[in-house]
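Here's a quick tour for anyone meeting this structure for the first time. Have a look at it, then read on for the salt bridges, cores and strands.

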Amino acid sequence: MSAPFVVIGASLAGLRAVEAARNYGYDGPITLIGAEPHLPYDRPPLSKAFLEPGAEAVVFREEQHLRDDLGVDLRLGAPATSLDPDARTVTVGGEALGYRAAVIATGSTPVPLPGAPALRGVHTLRTLDDARAIRDALHAGARIVVVGAGFIGSEIASAARRYGNPVTVVEAAPVPLVRAAGPLVGAALARLHERAGTDLRLGTSVAALRGSDTVEAVELSDGSVIDADLVVVGIGSRPATGWLAGSGVALDPGDGGVRCDEYLATSVPDVYAAGDVAHWPNQLLDVPVMRLENWTGAAEQGAAAARNALGLGERTPYATAPYVWSDWYDHRLQFVGHPAPDEVRVVLGDLDGPRFVAIYRSGERIAGAVTLNEPGKVMKYRRLIARRAGWQDAIDLFPALTA
């Protein structure tokens, strides 16, 4: 039997790589490796709907479908520990598995709170097991401190307020999501927290956690102390690539992500990367190095990496206008593209109101858009970005809004 197509990471990107291989006609063996014991599941609901009482994890595909219909050799519950491009093997659980081509889709790991002691009640959120522990604490009426006002932190705060739990969000930046949305829109997002009754502490960091065995309080850099039974740390993540040390796969010197070309190929033959781990040049936005941490990017990259790795059709560069959405306090936020600094213009509503649309300019092009409670509009801006539309085209998209 020929060596299999090996996908390392039973993630969304990994699953889409497997499915794309079959959809494009590959009929050889496939091995899917996952560090967790769970079948591939949907991660975004873990900080949203999964926190509701009785909610179940969303599993993408049943085991029988993966094994029987797609013909996948599932290796779950043990992580890959090394890759040898000369021998063309991936080691899992002490066993070296050969590959004809491989896709790295091992995702990312949360950044821990620097210097924090190991106390019960302190969590990050990445896995299904993390989410279960946080949900149990929320339902028990915990006093919550969330460190980081990004997507995950803000969604956790939203869930806490739905249950009436007191919640404080601590954010070192001057506004939430300043890198994803810019300072103007970020200030509007801060007001969403405040109107929902969340205690938002901006420009502040955690100085220490207090407690002997279980967390009891959080001391902030301004000297204030907040009582807490649950601390959720959402200060970012890093690509899960430590297992690639010594493999020859080139990694980014900053965060350790896998460096790829425009086809998602790594620096070693027949090995590609997709999802949170991949750094690649996004030619659509003229960004020389980009890394995405969102559902849409993972799904698209997984399919593109598999197609290119296996030579299934014409080799195609991967380029995209990134898309991400988030639910805060019964509000739907959507982002496309990136927040270019040249200009931000509100073209619908106002930043203090219940809905708005803001667009971002890069030179003479539209580079991004963000909407609050306007789900029908954001994808039209994504299509404009995808065809490299001009700024005036974006302004004229909904002329009644700007008249």
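A quick definition before we start: a residue counts as buried under 20% relative accessible area, as exposed over 50%, and as partly exposed in between. Arginine 143 has a relative accessible area of 34%, so it is partly exposed. Keep in mind that this is a predicted model. Arginine 143 is a good place to begin, since it turns up in two salt bridges, one with aspartate 227 and one with aspartate 229.

**Salt bridges**

- Side chains of opposite charge can pair when their charged atoms come close.
- The count of salt bridges here comes to 28.
- In the bridge between arginine 143 and aspartate 227, the closest N and O atoms are 3.8 Å apart. This pair links distant parts of the chain, 84 residues apart: arginine 143 sits in the loop between helix 3 (128–139) and strand 10 (144–147), and aspartate 227 is in strand 15 (residues 225–227).
- Arginine 143 also meets aspartate 229, at 2.8 Å from N to O. Here the partners are 86 residues apart, with aspartate 229 in the loop between strand 15 and strand 16 (230–233).
- Both aspartates are partly exposed: aspartate 227 has a relative accessible area of 49%, and aspartate 229 has 32%.
- Glutamate 374 and arginine 355 form another salt bridge, with their closest N and O atoms 2.3 Å apart. Glutamate 374 lies in the loop between strand 26 (365–372) and helix 7 (378–386), and arginine 355 in the loop between strand 24 and strand 25 (356–362), so the pair ties together parts that are 19 residues apart in sequence.
- Glutamate 374 is buried at 7% relative accessible area, whereas arginine 355 is partly exposed at 41%.
- Arg16, Glu19 and Arg61 are joined into one network by salt bridges that share partners.

**Cores and a surface patch**

- The largest nonpolar core has 80 residues, and those touching the most other members are Phe5, Ile8, Val90, Ile359, Ile366 and Tyr381.
- There's a second, separate core of 41 residues, and Ala160, Leu189, Tyr329 and Phe335 are among them.
- Leaving aside neighbours within four places in sequence, phenylalanine 5 is in contact with residues including Ala17, Tyr26, Thr31, Val103 and Leu310.
- Threonine 31, in strand 2 (residues 30–34), is buried, with a relative accessible area of 5%. Beyond its neighbours within four places, its contacts include Phe5, Val7, Asp73 and Leu97.
- On the surface, Leu184, Val344 and Val346 make a nonpolar patch of about 190 Å². Valine 346 belongs to strand 24 (residues 343–349) and is partly exposed at 31%.

**Strand 20 and its partners**

- Strand 20 (residues 278–282) is mostly covered, with four of its five residues buried.
- Strand 18 (residues 258–259) runs parallel to strand 20, and two bridges join them. Arginine 259 has histidine 279 as its bridge partner in strand 20.
- Strand 21 (residues 287–290) pairs with strand 20 in the antiparallel sense, also over two bridges. Tryptophan 280 has methionine 290 as its bridge partner in strand 21.
- The hairpin of strand 20 and strand 21 has four residues between the strands, and aspartate 286 takes a positive phi near 55° there.

**Around glutamate 216**

- Glutamate 216 lies in the loop between strand 13 (206–210) and strand 14 (217–220), and is partly exposed at 48%.
- Leaving aside neighbours within four places in sequence, glutamate 216 is in contact with Arg210, Gly211, Ile226, Asp227 and Ala228.

How values were computed:
Residues are numbered from 1 along each chain as its sequence is written. This is a predicted model: local features need pLDDT of at least 70, side-chain atom pairs count only at pLDDT 80 or more; totals for chains, interfaces and linings use all residues. Side-chain values use heavy atoms; hydrogens and water are left out. Buried means under 20% relative accessible area, exposed over 50%, partly exposed in between (1.4 Å probe, protein chains only). Two strands pair if DSSP finds at least two bridges between them. Patches are made of residues with over 30% relative accessible area and no salt bridge: like charges are joined within 9 Å, nonpolar side chains (Val, Leu, Ile, Met, Phe, Trp, Tyr) within 5 Å. Accessible areas come from the Shrake-Rupley method with a 1.4 Å probe; for residues, only the protein chains shown count as cover. A salt bridge is a side-chain nitrogen of Lys or Arg within 4 Å of a carboxyl oxygen of Asp or Glu. A nonpolar core is a set of buried Ala, Val, Leu, Ile, Met, Phe, Trp, Tyr and Cys residues joined through side-chain atoms within 4.5 Å. Contact means heavy atoms within 4.5 Å.
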